Amino acid sequence: MEDTATASAYLNPSYWDERFSKEEQYEWFKDYSHFRHLIQPHLTPHSAVLELGCGNSQLCQQLHKDGTTNITCIDLSLVAVQNMQKRLLSRGFKGIKVQQANMLELPFEDEFFDLVIEKGTMDVLFVDSGDPWNPKPETISKVMATLKGVHRVLKAGGTFISITFGQPHFRRPIFNAPDFSWSVEWTTFGETFHYFVYVLKKGQRSSYVDVPSVKRFEAPLINLLHEELESEDFAFRINVDELNC
């Protein structure tokens, strides 16, 4: 990356159109090889998969190479969609569907997908959330619209996987809203700079959901590798923290 944008720029659709017109490929939150072991147990060759906010990631190609071929990718940016369609066609991935769509208004039938996955896409909704302990109502409205859409298009027993910066004390209360029937589990990957992977199984919510009261979380001091300090992921996280102070 030549220029690292401030997090606030991510809210502007024209920013993404301009960026995708120049940038061939970028992986937010590491590439598939770093979290493949966390994703594969939830997939079969027959799984119908939806990727939210594909951008110019290679995630769909890597899932296809691993045997899951029924994949639909969406992105709000028409430039990203057109570029992805051309790239997939040139590389022989003719079965992957790519279309322009807003994740807040998913244009799919009910119970259409076995698995929905997003990697950093929902984090953009939190860029201007204000106090992370008490997000703005408009932020919660957008996040809930996205989650309700995901819940709707998932088949019974389907899985939503969210790969994010969002720590459990912020995300679990939202994921466990009474609107949803899914169970919520999470894990992490990464060496010194951890990313969170939430696995939500539709229809498997316990009748009793233990969501502990929110307490302030003091992140441990960590020593980041040079490449992590230079990454846009790190800049994104720092900028979001500054915007939400």
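## A seven-stranded sheet and its surroundings

Of the 245 residues in the protein chain, 48% count as buried, where buried means under 20% relative accessible area, exposed means over 50% and partly exposed lies in between (1.4 Å probe, protein chains only). Please keep in mind that this is a predicted model, in which local features need pLDDT of at least 70 and side-chain atom pairs count only at pLDDT 80 or more, while totals for chains, interfaces and linings use all residues. Residues are numbered from 1 along each chain as its sequence is written, and side-chain values use heavy atoms, with hydrogens and water left out.

### The chain as a whole

The protein chain has 8 helices and 7 strands. Both kinds of element are DSSP runs numbered from the N terminus: helices are H or I with at least four residues, strands are E with at least two. About 12,400 Å² of the protein chain is exposed, and carbon and sulfur atoms supply 52% of that area; the Shrake-Rupley method with a 1.4 Å probe gives these accessible areas, and for residues only the protein chains shown count as cover. Among contacts in the protein chain with a separation of 6 or more, 74% come from residues 24 or more positions apart, a contact being heavy atoms within 4.5 Å.

### The sheet

Strands of a sheet pair through backbone hydrogen bonds, either parallel or antiparallel. Here, an open sheet of 7 strands follows the order S3-S2-S1-S4-S5-S7-S6, with mixed pairing. S3 and strand S6 (183–189) are the edge strands, each pairing on one side only. On average, neighbouring strands of this sheet are turned by 20° against each other, direction ignored. Two strands are taken to pair if DSSP finds at least two bridges between them. Three of the pairings are set out below.

| Strands | Sense | Bridges | A bridge partner pair |
|---|---|---|---|
| S4 (residues 113–119) and S5 | parallel | 6 bridges | Ile117 and Ile161 |
| S5 and S7 (residues 195–201) | antiparallel | 6 bridges | Ile161 and Val199 |
| S6 and S7 | antiparallel | 7 bridges | Ser183 and Lys201 |

Ile161 of S5 thus has Ile117 as a partner and stands opposite Val199 in S7. What is the setting of strand S5 itself? Of the 11 residues of S5 (residues 154–164), 8 are buried, so this strand is largely enclosed by the rest of the structure.

Helix H5 (residues 137–153) joins S4 and S5 in a right-handed β-α-β unit. Right-handed here means that, with the strands pointing away from the viewer, the path from the first strand over the helix to the second runs clockwise. H5 packs on the sheet and touches strand S1 (48–52), S4 and S5, and its direction makes about 140° with that of S5. Such angles run from 0 to 180 degrees between N-to-C directions, and axes are lines fitted to C-alpha atoms, for helices over the stretch in contact.

Thr139 is a residue of H5. With 1% relative accessibility, Thr139 counts as buried. Leaving aside residues up to four places away in sequence, Thr139 touches Leu125, Phe126, Asp128 and Ser129.

### Arg171 in helix H6

Arg171 sits in helix H6 (residues 168–175). Is Arg171 buried or exposed? Its relative accessible area is 7%, so Arg171 is buried. Apart from residues up to four places away in sequence, Arg171 touches Asp123, Phe126, Thr164, Gly166 and Tyr198. Tyr198 is 27 residues from Arg171 along the chain, and their C-alpha atoms are separated by 9.0 Å.

### A helix pair

Two packed helices are described by the angle between their axes and the distance between the axes. For helix H1 (residues 13–22) and helix H4 (residues 78–90), the axes come within 8 Å and cross at roughly 25°. H1 and H4 are therefore roughly parallel to each other; angles under 35 degrees count as roughly parallel, over 145 as roughly antiparallel, 65 to 115 as roughly perpendicular and the rest as oblique. Asp17, Phe20 and Ser21 in H1 meet Leu78, Val79, Ala80 and Asn83 in H4.

### Two positive phi angles

Most residues other than glycine have a negative phi. Phe29, which is not a glycine, has a positive phi of about 60°. Phe29 belongs to the loop between H1 and helix H2 (36–39), and at 0% relative accessibility Phe29 counts as buried. Glu111, also not a glycine, has a positive phi of about 50°. Glu111 is found in the loop between strand S3 (97–100) and S4, and with a relative accessible area of 45% Glu111 is partly exposed.
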